[in-house]
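Please open the model in your viewer and keep the sequence panel beside it. The tour below moves from one selection to the next and says what is found at each stop.

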Amino acid sequence: MPETREYDVIIVGAGPAGLTAALYAGRSMLRAIVLERGIPGGELLNTEIVEDYPGFEHIKGWELAQKFDNHAKKFGAEFAQETVVTLEKQDDGYFIATCDSGVTFRAPTAIITSGGTPIKLGVPGELEYAGKGVSYCAICDGHFFRDQVIAVIGGGDAAVEEADFLTRYASKVILVHRRDELRASKILQKRLKENPKAEIIWNKVVEQIDADAQGLVNNIVLRDVITHQTSNLEAQGVFIFVGFRPNTGIISGHVDHDEMGYLKTDMNMETSIRGLFAAGDVRAQLTRQVTTAAGDATTAAIAVEKYLTSMRSGAQVPEIIGTGGYSA
């Protein structure tokens, strides 16, 4: 018979949001379990240097992740290295997290902090040089490329907007798009096309990313989708914006989300499923940074404590408002 473990709150994912939620749940004396398939840290583990988290002018991504992890454990958060297959709300109001190991976790509340995954190009050099010239976050890494040439890959709103943003650092930004017209909104296109530091290369796809002897990106091999001829583009940075996929597939049942699949929440971070909260990159919002992930998770964990207090006192949990959540 599969083992079932009981908690006050199940936290799915151990990136900055999950670790912050665990910290605040622990401070509220809640029995919290954090389920993470790998090493705690999330996208921080794929970030070479972090310079935009308050209090740390310059810190390695893995080091900041370790500090988050240690801080959460200090307040009693429990961790299990498990891959969650499904998270489902039962008829009794409790959530069941079923893991591929066969172990299940049961709690009256859950916080999903499973983040999202940048869609990769899948070309040689992309993974090898991540953090050494290849990036998926302009705000995080743009300043590392002052007065250098940056290539931005993509043609949607994110690619065009971030290309324009990167011109404040780079000597030149070259947008590489596989079609002969952009998918981005007209206003974003106009802004980029009028930027003297920006250039657009049409009908090209990336075949390979090369680096110098020190392992730093210095060249991109492009292929023309019409002629199939290849050419070289010298650049010190490659920013890839071909999509970002929120990790929400584990949730059983319908939960409100936007057109990209990001979860909609109310001001308490509660989703349209009562007792299910969301924080970090998995949530629909303006920007996705370590600071916003931590802020979301702080709110979610405090809201969970209030939700549970209402349940235990015998009071009726306040009614849903908006896309989810409860009024004060």
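Begin by selecting Leu35 together with Ala80, which stands opposite Leu35 in β6. β6 covers residues 78-81 and pairs with β3 in the parallel sense over 4 bridges, where two strands count as paired if DSSP finds at least two bridges between them. Helices (H or I, at least four residues) and strands (E, at least two) are DSSP runs, numbered from the N terminus.

Before moving on, keep in mind that this is a predicted model, in which local features need pLDDT of at least 70 and side-chain atom pairs count only at pLDDT 80 or more, while totals for chains, interfaces and linings use all residues. Residues are numbered from 1 along each chain as its sequence is written, and side-chain values use heavy atoms, with hydrogens and water left out.

Stay with Leu35 and add Val12, whose bridge partner in β3 is Leu35. Here β2 and β3 pair in the parallel sense, over 4 bridges. Following the chain from β2 through α1 to β3 traces a right-handed β-α-β crossover; right-handed means that, with the strands pointing away from the viewer, the path from the first strand over the helix to the second runs clockwise.

Now select the whole of β3: are its residues buried or exposed? In β3, 5 of the 5 residues are buried, so the strand is largely enclosed by the rest of the structure. Buried means under 20% relative accessible area, exposed over 50%, and partly exposed in between (1.4 Å probe, protein chains only). Ala32, Val34 and Glu36 point one way from β3, whereas Ile33 and Leu35 point the other way.

Next, colour the largest nonpolar core, which has 34 residues, with Val9, Ile11, Tyr53, Leu64, Ile111, Phe277 and Val304 making the most contacts inside it. A nonpolar core is a set of buried Ala, Val, Leu, Ile, Met, Phe, Trp, Tyr and Cys residues joined through side-chain atoms within 4.5 Å. Among the elements that each supply at least two residues of this core are β2, α1 and β3, and α6 gives the most, with 9 residues. Apart from this core lies another, of 24 residues, including Ile10, Ile250, Val255 and Ala278.

Turn then to the surface and select Ile39, Leu45 and Trp62, which make a nonpolar patch of about 330 Å². Patches are made of residues with over 30% relative accessible area and no salt bridge, like charges being joined within 9 Å and nonpolar side chains (Val, Leu, Ile, Met, Phe, Trp, Tyr) within 5 Å; accessible areas come from the Shrake-Rupley method with a 1.4 Å probe, and for residues only the protein chains shown count as cover. Ile39 sits in the loop between β3 and β4 and, at 62% relative accessibility, counts as exposed.

Finish with the charged pairs, since the structure holds 11 salt bridges, each a side-chain nitrogen of Lys or Arg within 4 Å of a carboxyl oxygen of Asp or Glu. Select Asp92 and Arg106, whose side chains meet in one of them (2.7 Å, N to O). Asp92 lies in the loop between β7 and β8 and Arg106 in strand β9, so the pair ties together parts that are 14 residues apart in sequence. Another stop is Arg223 with Glu207, a salt bridge at 3.1 Å, N to O. Arg223 belongs to β17 and Glu207 to β16, so this pair ties together parts that are 16 residues apart in sequence. Lastly, add Glu6 to the earlier pair, as salt bridges that share partners join Glu6, Asp92 and Arg106 into one network.
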